[in-house]
Amino acid sequence: MKYLIILFSAFTLIACKKDKETVSDSTPTDSLIIVKDSSNIESKASHVLVDVFPFPPEIKECSCYFAKNKADFENEKYIYADDAGKTAYMKLDGKRIAMNLISSSDMEVDEELTKEIENENYKISVKGKKIKNEEVLLFEGTLTITKPDGSVTTMPIYGECGC
């Protein structure tokens, strides 16, 4: 009788242990597939098309304007321009848009340039470091565009601010 109880107990423990292994093996695989699928969808949706445009005629005096790199800047292929305090201009997803500047750093105080621009479709952050100090201030940095769905596009910028 003792042997029968021991045999039955051993069989029960083995049977329970086998079920637990099967359940734990399938759960991580399913979770990993879902995570990979959702991250692929987000990376496709995150692209914002940033087009070049000529210098905006609305800007009459002091301004900041940037291109993707030094060569584009010298060829006047701008991706961003603002009137040093009120309005910023960009061509995003095929449309030329004017947006209100929310905040802008005082470039005379430090070597850093920061600007925050926002409208209902985009939130744009400009961050740069002064590389040359003359009548106009040359900057290199990054421009980050965030859409309401949380997707983010970041690119390098090169340009100047001055009057």
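A disulfide, for today, is a pair of cysteine sulfur atoms within 2.5 Å. Keep that in mind, and here's the first case: Cys62 and Cys163 form one, with their sulfurs 1.8 Å apart.

Hi everyone. One thing to say up front: what you're looking at is a predicted model. I'll come back to how confident the predictor was, but let me stay with the cysteines for now.

So, Cys62 and Cys163. Where do they sit in the chain? Cys62 is in the loop between strand E1, residues 50-51, and strand E2, residues 63-67, while Cys163 is in the segment after E9, so this bond ties together parts that are 101 residues apart in sequence. If you rotate the view, you'll find that Cys62 is partly exposed, at 26% relative accessibility. Cys163 counts as exposed, with 72%. The link itself is right-handed, with 100° about the S-S bond.

How many disulfides does the structure hold? Two. The other one joins Cys64 and Cys161, and there the sulfur atoms are 2.0 Å apart. That pair also links distant parts of the chain: Cys64 belongs to strand E2 and Cys161 to strand E9, 97 residues apart. Are these two cysteines buried or exposed? Both are buried. The Cys64 to Cys161 link is right-handed too, with 120° about the S-S bond. And if you count the bonded cysteines along the chain, the pattern comes out as 1-4, 2-3.

Okay, let's zoom out to the whole fold. The protein has two helices and nine strands. Reading from the N terminus, the order is α-β-β-α-β-β-β-β-β-β-β. There are 163 residues, and buried ones make up 32% of them. The accessible surface is about 10,900 Å², and carbon and sulfur atoms account for 57% of that. As for contacts, take the ones between residues at least 6 apart in sequence: 43% of those join residues at least 24 apart.

Now for charges. In general, side chains of opposite charge can pair when their charged atoms come close. How many salt bridges does a search of the whole structure find? Four. I'll walk you through some of them.

Start with Lys115 and Asp82, where the closest N and O atoms are 3.2 Å apart. Lys115 is in strand E6, residues 112-118, and Asp82 is in strand E3, residues 78-82, so to speak two distant parts of the chain, 33 residues apart. Have a look at how covered they are. Lys115 has 1% relative accessibility, and Asp82 has 0%. The cut-off for buried is under 20%, so Lys115 counts as buried and so does Asp82.

Next up is the salt bridge between Asp93 and Lys147, at 3.9 Å from N to O. This one goes from loop to loop: Asp93 is between strand E4 (87-92) and strand E5 (95-104), and Lys147 is between strand E8 (137-146) and strand E9 (152-162), so the pair ties together parts 54 residues apart in sequence. Asp93 is partly exposed at 32% relative accessibility, and Lys147 is partly exposed as well, at 23%.

Then there's Lys129 with Glu112, 3.3 Å from N to O. Here we go from strand to strand: Lys129 is in E7, residues 123-133, and Glu112 is in E6, so parts 17 residues apart in sequence are tied together. Lys129 comes in at 44% relative accessibility, which makes it partly exposed. Glu112 is partly exposed too, with 36%.

Last topic: confidence. The average pLDDT for the protein is 80, and 71% of the residues score at least 70. Which stretches stay under 50? One is residues 18-28, and for that stretch the model has zero contacts beyond four places in sequence. Another is residues 34-45, with two such contacts. Where pLDDT is low, the predicted coordinates should not be read in detail. So when you scroll through the model, please keep that in mind for residues 18-28 and residues 34-45.

To wrap up, then: two helices and nine strands, two disulfides and four salt bridges. Thanks, and over to you.

Key:
Residues are numbered from 1 along each chain as its sequence is written. Side-chain values use heavy atoms; hydrogens and water are left out. Helices (H or I, at least four residues) and strands (E, at least two) are DSSP runs, numbered from the N terminus. Buried means under 20% relative accessible area, exposed over 50%, partly exposed in between (1.4 Å probe, protein chains only). Contact means heavy atoms within 4.5 Å. Accessible areas come from the Shrake-Rupley method with a 1.4 Å probe; for residues, only the protein chains shown count as cover. A salt bridge is a side-chain nitrogen of Lys or Arg within 4 Å of a carboxyl oxygen of Asp or Glu. pLDDT is the predictor's confidence in each residue, from 0 to 100.
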